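User: Hey, can you walk me through this one? I'd like to start with what sits around one core residue.
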Amino acid sequence: VAFKTTPYDIAMSISKGLANSIIIAKVHYTRRLEADAIVACDAEEDTPVATDAIADGEGELWDITRPLVGDCNLRLLKFDDPEGKTVFWHSSAHVLGAAMELALGVHLTIGPALQNGFYYDAYMGESSITDDTLKKLDSQAMSVCKKKLSVCKKKYPFQRLVLTKDQALEMFAMNPFKVNLIRNKVPDGAKTTVYKCGPLIDLCMGPHIPHTGKIQAFASTKTSSTNWLGQVTNDPLQRVYGVAFPEKSMLKKYLEFQEQAKQRDHRNLGTKQELFFFHQLSPGSCFWLPHGARVYNKLMEFIKDEYWKRGYEEVVTPNIFNLQLWEQSGHAEHYKENMFVFDVEGAEWGMKPMNCPGHCLMFAHRLRSYRELPLRLADFGVLHRNELSGALTGLTRVRRFQQDDGHIFCRQDQIKAEVLGALDFMRHVYSTLGMTYQLELSTRPAKGLGDQALWDIAEAQLAEALNDFVGEGNWKLNPGDGAFYGPKIDIKVFDALERIHQCATVQLDFQLPIRFDLTYKSEVEGAENSFQRPVMVHRAMLGSVERMAAVLMEHFGGKWPFWLSPRQAIVVPIDPKFNEYAIQVQERIHQAKFYVDVDDSSKTLKKKIREAQLAQYNFILVVGEQEAASGSVNVRTRDNEVHGTMSVDQLLQQFRDDSENKSLVMEKKNGEAEAADSGEAK
């Protein structure tokens with residue numbers, strides 16, 4: 001019954017167990033008797049919230065206690081559904097907000113769900129949040145969840161209220177941040193929504209879990225500083241991150257996982273292994289130390305070798321351009337605030353944040369023929385993006401970086417083959433790195449440029465390629481998350497801890513060729529349509545080399561495979577009188593272009609070997625009288641396996657084989673090893 005029956009009622013009619021286990025409903029109306037004209041004002045425009053949208057082409061998320069407003073198809077979602085998690089963590093953010101208000105008397109601002117938890121930003125004047133404060137917030141939050149502040153032990157429900165703009169301004173008159181959101185986002189005469197949950201009333205579009213009793217485990221995990229609306233000139237805010245679960249065992253498992261992740265944190269490994277550092281005089285720009293540069297360069301060499309095999313041409317383009325280029329490409333309209341812009345002789349110029357417009361100029365600089373297509377251009381040019389200082393995070397969020405950027409200019413009848421070629425390239429890369437992946441098709445966003453018909457063609461081409469590559473039903477649709485110039489295939493890769501990373505991408509672009517008036521001479525001579533418009537495919541395999549280096553540090557836990565390792569071997573003489581032979585062995589290995597050191601210190605042999613293992617040398621080569629006499633080395637590996645004596649020639653051949661095969665099995669015994677898992681789609 002419209003305006004009376006709720007998703008919870010329907011679940012109860014099936015079973016009480018189902019009704020008690022669901023978090024949220026997803027509704028697709030076939031006949032809607034009411035469409036609320038509600039304006040959202042509970043989030044910043046570019047808040048990095050969880051990717052699962054509240055509404056998409058398959059329906060909209062709906063409170064299970066909110067009456068339905070028409071005929072519909074209904075799905076009931078639990079916590080293990082990605083959208084269920086998003087809603088659960090959004091509701092938990094409200095609980096955190098309530099705890100912050102009760103315990104600290106703050107002015108709340110924004111509190112979204114994230115991929116793995118949530119946060120809430122609050123204004124506290126000159127005060128800040130300590131670890132002791134986080135414990136206090138956890139206690140306060142669970143009091144809200146269990147309603148210990150009340151004599152009765154009911155659970156606080158999430159109640160949705162619709163307000164006019166004037167009513168909302170009156171309700172939040174004491175909070176200048178909420179007032180700012182209402183005034184700037186809600187037009188005069190329009191309405192917005194708030195949710196009441198126990199002691200908290202907050203601006204929110206919802207939806208939410210039915211009540212706080214669903215939250216059985218809660219933890220405030222960390223804190224950081226930020227600024228209102230992300231602008232450094234605005235008021236300073238304190239950000240508190242948290243996570244919550246419907247079962248205590250889930251929180252315990254999460255905390256154990258976080259401890260593992262902490263041990264693998266690339267920022268700690270980078271310091272311990274002397275790979276890189278950052279300096280306050282150039283925040284967000286990494287200083288790669290010699291050992292870190294080895295990894296960085298090996299990753300680029302890996303991709304460049306594939307370029308040679310796959311028909312790419314490497315190019316070099318300028319780092320700075322007149323802003324007219326970015327106005328022509330459309331990036332100035334969408335991206336200027338994230339660019340480093342400066343004055344040159346009275347004109348605006350900018351550091352390039354991406355390579356594609358420069359590659360368009362390269363394509364357009366002379367007449368092109370259909371015989372040249374597909375033209376595959378690759379560029380490791382240095383890029384700069386003006387990330388907010390508070391958003392900088394190790395190597396995963398930087399201002400200066402390089403990426404394995406490639407752009408393919410092709411005919412329309414070549415699109416499918418080029419997209420499949422890019423996907424095959426991606427599969428090879430992640431198979432080599434021992435990582436699995438998940439494919440998503442992201443379609444036109446609200447700010448997408450160009451005709452809808454062109455978008456429809458592009459999206460259909462990508463969907464067809466995905467079906468051919470992994471089979472229909474083995475990829476996910478991500479509505480509204482494409483680039484402003486075209487749809488894209490996002491490749492989400494999984495590391496050793498099963499964490500998801502966004503690295504590779506394949507994007508189809510009909511817009512930039514139009515904006516730059518790119519043409520090529522077709523096979524048809526003398527006809528009106530003798531010049532045709534190419535299609536542009538943007539693709540990256542690693543994405544940012546900096547980000548990929550961070551992902552791999554954590555994926556391998558600092559134990560680099562031999563081909564990628566910055567410390568491939570160390571020669572350890574058992575006595576100083578064998579130092580000369582140790583240096584001879586080092587020189588031979590060095591001449592063969594492998595990374596090798598000598599420990600000629602006065603430490604004991606046992607201590608030398610232990611330190612080499614902790615430093616993650618792949619091979620530890622012990623030499624003494626017998627080895628010096630026979631021109632050999634005694635080989636052991638960092639896992640403390642002794643592999644016996646090898647001639648230096650045999651050792652170098654194994655090194656060459658391991659490097660060429662890019663094996664993930666670093667330690668071989670008697671020339672044998674188990675095969676590493678190859679990357680595959682999830």
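User: Which residues does Leu439 touch, leaving out those up to four places away in sequence?
Analyst: This is a predicted model. In it, Leu439 touches Met426, Leu466, Phe469, Val470, Trp475, Lys476, Ile489, Asp490 and Ile491.

User: And what about the largest nonpolar core, which residues have the most contacts inside it?
Analyst: Met426, Tyr430 and Leu439 do, in a core of 62 residues. There's also a second, separate core of 45 residues, with Leu61, Val106, Cys204 and Ala244 among its members.

User: Switching topic: how many salt bridges does a search of the whole structure find?
Analyst: It finds 30. One of them joins Asp121 and Arg239, whose closest N and O atoms are 2.7 Å apart. Asp121 sits in strand 7 and Arg239 in strand 12, 118 residues apart.

User: Are Asp121 and Arg239 buried or exposed?
Analyst: Both Asp121 and Arg239 are buried.

User: What about Glu546, buried or exposed?
Analyst: Buried, because its relative accessibility is 1% and the cut-off for buried is under 20%. Glu546 forms a salt bridge with Arg400, 3.4 Å from N to O. Arg400 is partly exposed, at 22% relative accessible area.

User: OK, now sheets. What's the strand order in the open sheet of three strands?
Analyst: The order is 8-9-10, with antiparallel pairing. Strands 8 and 10 stand at the edges with a single partner strand each, so one side of each has no neighbour in the sheet.

User: Which helix lies across strand 9 and strand 10?
Analyst: Helix 3, residues 82-104, and it runs at about 120° to strand 10.

Key
Residues are numbered from 1 along each chain as its sequence is written. This is a predicted model: local features need pLDDT of at least 70, side-chain atom pairs count only at pLDDT 80 or more; totals for chains, interfaces and linings use all residues. Side-chain values use heavy atoms; hydrogens and water are left out. Two strands pair if DSSP finds at least two bridges between them. Helices (H or I, at least four residues) and strands (E, at least two) are DSSP runs, numbered from the N terminus. Contact means heavy atoms within 4.5 Å. Axes are lines fitted to C-alpha atoms, for helices over the stretch in contact, and angles run from 0 to 180 degrees between N-to-C directions. A nonpolar core is a set of buried Ala, Val, Leu, Ile, Met, Phe, Trp, Tyr and Cys residues joined through side-chain atoms within 4.5 Å. Buried means under 20% relative accessible area, exposed over 50%, partly exposed in between (1.4 Å probe, protein chains only). A salt bridge is a side-chain nitrogen of Lys or Arg within 4 Å of a carboxyl oxygen of Asp or Glu.
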